[in-house]
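Me: I'm new to this one, so could you walk me through it slowly? I'll ask short questions and hop between topics.

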Amino acid sequence: MAVYTGPVQDLVDELGKLPGIGPKSAQRIAFHLLQLPRDDALRLAGVIVEAKDKVSWCERCFNVASARLCDICNDDRRDSTVVCVVEEPRDVVAVEKTHEYKGRYHVLGGALNPLEGIGADQLRMRELFARIGAEEITEVILCTNPNVEGEATAMYLAKMLQDLPLRVTRIASGVPVGGDLEYADELTLGRALEGRRAV
């Protein structure tokens, strides 16, 4: 049942559609916006409209882009034979912050989640398989999240790619830097042991 009427309720309803925003948060943000000076509110609205008009998806990797290809796909210095598969564009940013990876990416647009009706056809897997044949890719790094959906997606892709003449790897997971072993859960510590390497 609508608490407010007219534009106020419309604003609350639209904000409530954003991910992670519940009814109370939507109401709080709506009243914050209503209390903003008019110029600040118009600047926010303008930035949203500009982003919607100018930002699209890279035709190759489906990262965010302001042109046909994103900056990473346009960079000839990147290793085009290695592709890191991630779930969302924000995962690209997370990997780039490490300064350890110089290859290219493929953004799936999510992870397998049968309970929410997300199967392989709803993700950009078909486009990934097409790239492997067309771009002489020799290694695919499965960099999906270490949760149930991410692990299922990585396992599915590994199975689909197992007969192709390329190397398929999965990112390691384990104890975070600065963490104490006694506070690590069994699953995390077990994976850290599985992913051990010679020093």
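Reply: One cut-off will help before we begin: a residue counts as buried under 20% relative accessible area, as exposed over 50%, and as partly exposed in between. By that scale arginine 167 is exposed, because its relative accessibility is 53%. Please also keep in mind that this is a predicted model.

Me: What does arginine 167 pair with?

Reply: Arginine 167 makes a salt bridge with glutamate 139, and their closest N and O atoms are 3.5 Å apart. Glutamate 139 counts as buried, because its relative accessibility is 15%.

Me: Which strands do those two sit in?

Reply: Arginine 167 belongs to strand β6 (residues 167-170) and glutamate 139 to strand β5 (residues 139-142), so the salt bridge ties together parts that are 28 residues apart in sequence.

Me: And which residues are joined into a network by shared salt-bridge partners?

Reply: Arg60, Arg131 and Glu135 are joined into one network in that way.

Me: How many salt bridges are there in the whole structure?

Reply: A search of the whole structure finds eleven. One of the salt bridges is between the side chains of arginine 77 and aspartate 75, at 3.0 Å from N to O.

Me: Are arginine 77 and aspartate 75 buried or exposed?

Reply: Arginine 77 is exposed, with a relative accessible area of 75%, whereas aspartate 75 counts as buried at 18%.

Me: What about aspartate 121, what does it bridge to?

Reply: Aspartate 121 forms a salt bridge with arginine 126, and the closest N and O atoms are 3.7 Å apart. Aspartate 121 is exposed, with a relative accessible area of 60%, and arginine 126 counts as exposed too, at 57%.

Me: Changing topic: how many residues are in the largest nonpolar core?

Reply: The largest nonpolar core has 18 residues, and those with the most contacts inside it are Cys58, Cys70, Cys84, Val86, Tyr101 and Tyr105. The elements that give two or more residues to this core are α4 (71-74), β3 (79-86), α5 (89-96) and β4 (103-107). Of these, β3 gives the most, with three residues.

Me: What does cysteine 70 touch?

Reply: If we leave aside its neighbours within four places in sequence, cysteine 70 is in contact with Cys58, Cys61, Asn63, Val64 and Ala65. Apart from the largest core there is another core, of 15 residues, which includes Val85, Leu112, Ile132 and Val140.

Me: Which residues make the nonpolar patch on the surface?

Reply: Val55, Trp57 and Val64 make a nonpolar surface patch of about 280 Å². Valine 55 is found in the loop between α3 (38-54) and β1 (56-57), and it counts as partly exposed, because its relative accessibility is 43%.

Me: Where is glycine 6?

Reply: Glycine 6 is in helix α1 (residues 6-15), and it is partly exposed, with a relative accessible area of 41%. Between glycine 6 and valine 49 there are 22 Å in space, C-alpha to C-alpha, and the two are 43 residues apart in sequence.

Me: Last one: which elements have the lowest and the highest mean pLDDT?

Reply: Helix α8 (residues 186-194) has the lowest mean pLDDT, 80, and β4 has the highest, 96. For the protein the mean pLDDT is 91, and 99% of its residues reach 70 or more. As a general caution, predicted coordinates should not be read in detail where pLDDT is low.

Conventions
Residues are numbered from 1 along each chain as its sequence is written. Side-chain values use heavy atoms; hydrogens and water are left out. A nonpolar core is a set of buried Ala, Val, Leu, Ile, Met, Phe, Trp, Tyr and Cys residues joined through side-chain atoms within 4.5 Å. Buried means under 20% relative accessible area, exposed over 50%, partly exposed in between (1.4 Å probe, protein chains only). Helices (H or I, at least four residues) and strands (E, at least two) are DSSP runs, numbered from the N terminus. Contact means heavy atoms within 4.5 Å. pLDDT is the predictor's confidence in each residue, from 0 to 100. Patches are made of residues with over 30% relative accessible area and no salt bridge: like charges are joined within 9 Å, nonpolar side chains (Val, Leu, Ile, Met, Phe, Trp, Tyr) within 5 Å. Accessible areas come from the Shrake-Rupley method with a 1.4 Å probe; for residues, only the protein chains shown count as cover. A salt bridge is a side-chain nitrogen of Lys or Arg within 4 Å of a carboxyl oxygen of Asp or Glu.
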